[in-house]
Amino acid sequence: MATSIQRSVTTLLGPDVPGASPAHPPVDTADEQPDHAGTPGTSEGDRTPANAPAAATVTAPEGTPLAVGVRNLRRAFGANIVINDLDLDVPVGQFVALLGASGCGKSTLLRILADLDTEISGQVRVASRRAVAFQAPRLLPWKRVWRNVVLGLPGRPDKARAVAALEEVGLARRADAWPRTLSGGEAQRASLARALVRDPELMLLDEPFGALDALTRIRVQGLVEQLWQRHNPAILLVTHDVEEALLLADRVLVMKDGVIAHSADITLARPRNVSDPQFVALRAELLGWLGVGHAPSGAAGPEAAGGQPAQDVDHPVQGVERTAQTVEPDPAADTREPPPRRKILS
Ligand SMILES: Nc1ncnc2c1ncn2[C@@H]1O[C@H](COP(=O)(O)OP(=O)(O)OP(=O)(O)O)[C@@H](O)[C@H]1O
Ligand SMILES: [Mg+2]
């Protein structure tokens, strides 16, 4: 394991040069500035509190091609150490879901991987072509949908390229629409098209379905799974929805006390069925790690693994009540309810 401390984000799969710029700029970042509010650690000696939970095994075998490789990552905001000696490998093409209590540092980790936060110590290596999508689609209201899709790409805006990406998400017919006329599901699909047009090796998704109604959410989840199967980028999806994580991911991580406290490989065949006994057992196991309910006997819960069960979960963990199974996305059937308020880029 690497022990040297660097403040650098290097690229994998592209030119492996410390500090190298991605081949394409990440999307959805026009209103994001590197955050310099924190106080990164400067020595190894102060990085591990005595009561730190045992971290899960999250490193891939030697030689595995990686989309993300993180070693000894630390991020603090003043005295608040949010990420504390975190290691994580995400192999190329793997779909990873990241769970954890509100405020545990999920978005902080994603922002670091997106190179939006550089006040870190440790080693961070990420694929050079990456795309980011957040809970709010963040479309510029004064640009038509297709122009939003190719926003930030080098060269003249390429409508054909934008329409091809919109086609993939079932939205080509709205290419000339203004963002304010889109439904919430359509806007989120436009955001996915904007990510896809970058042909990303790594997609960083921070609660991208969080603002959608239940039915649209299931449809867009199905769409993301289809796009992943078609293009096979690595995906790191932050979610509070345990079922969503289990329906979509190859591997589900639980973040706690600054590290990846648990990693579960999900080998269930796709499409997955929420009533499958194995699915139910995995859900109970993960809820146990999140401090909600108890893992069933025989399940690999936190105590069995030497970790600490989570407490004081102040964010509602979703997915406990849901009984619907995955359904094929129907791009033509958008909700007609008013779109949610969206953050507008300045
Ligand atoms: N710029 C900042 N300045 C100070 N503290 C910050 C900053 N950004 C994040 N934090 C703190 O870091 C911690 C982790 O925040 P983060 O947004 O990563 O949590 P999260 O796991 O994504 O939570 P949620 O599930 O609610 O989105 C929180 O305590 C938060 O207040
Ligand atoms: Mg967050």
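Colour the chain by pLDDT, the predictor's confidence in each residue, from 0 to 100. The protein chain has a mean pLDDT of 77, and 69% of its residues reach 70 or more. This is a predicted model: local features need pLDDT of at least 70, side-chain atom pairs count only at pLDDT 80 or more, and totals for chains, interfaces and linings use all residues. Residues are numbered from 1 along each chain as its sequence is written, while chains are lettered from A and ligands numbered from 1 in the order in which they are written.

**Stop 1: the low-confidence stretches**

Select residues 1–8. Their pLDDT stays under 50, and the model gives them 17 contacts beyond four places in sequence. (Two residues are in contact if their C-beta atoms, placed from the backbone, lie within 7 Å.) Now select residues 13–52. Here too the pLDDT is below 50, with 82 contacts in the model beyond near neighbours in sequence. Where pLDDT is low, do not read the predicted coordinates in detail.

**Stop 2: the sheet**

Switch to cartoon view. Helices (H or I, at least four residues) and strands (E, at least two) are DSSP runs, numbered from the N terminus. Two strands pair if DSSP finds at least two bridges between them. Find the open sheet of six strands, in the order 6-7-8-4-9-10, with mixed pairing. Which strands stand at the edges? They are strand 6 (130–133) and strand 10 (259–265); each has a single partner strand, so one side of each is left without a neighbour in the sheet. From one strand to the next, the twist averages 20°. (Axes are lines fitted to C-alpha atoms, for helices over the stretch in contact; angles run from 0 to 180 degrees between N-to-C directions.)

Next, select strand 4 (residues 95–99) and strand 8 (residues 234–238). They run parallel, joined by four bridges. Leu98 stands opposite Val238 in strand 8. Then add helix 1 (residues 106–113), which packs on the sheet. Helix 1 touches strand 4, strand 7 (202–206), strand 8 and strand 9 (251–256), and its direction makes about 150° with that of strand 8.

**Stop 3: strand 9 and its hairpin**

Move to strand 9. Four bridges join strand 9 to strand 4, and these two run parallel. Val96 has Arg251 as its bridge partner in strand 9. With strand 10, strand 9 runs antiparallel, through six bridges. One partnership to click on is Val254 with His262. Strands 9 and 10 form a hairpin with two residues between them, and Asp257 in the turn has a positive phi of about 50°.

Is strand 9 mostly covered or exposed? It is mostly covered: five of its six residues are buried. (Buried means 20 or more other C-beta atoms within 10 Å of a residue's own, exposed means 12 or fewer, and partly exposed lies in between; C-beta atoms are placed from the backbone.)

**Stop 4: two helices**

Select helix 4 (residues 184–196). All 13 of its 13 residues are buried. Its end C-alpha atoms are 18 Å apart, which agrees with the 18 Å that 13 residues should span at 1.5 Å a residue. (The expected span is 1.5 Å times one less than the number of residues.)

Now select helix 5 (residues 214–231). Its buried residues include Ile218, Leu223 and Trp228. The buried residues pack against strand 4, helix 3 (159–168), helix 4, strand 8 and helix 6 (242–248). Just after helix 5, click Asn232, which takes a positive phi of about 55°.

**Last stop: Gln123**

Gln123 is in strand 5 (residues 121–127). Gln123 is buried, with 21 other C-beta atoms within 10 Å. Add Leu73: the two are 50 residues apart in sequence and 6.2 Å apart in space, C-alpha to C-alpha.
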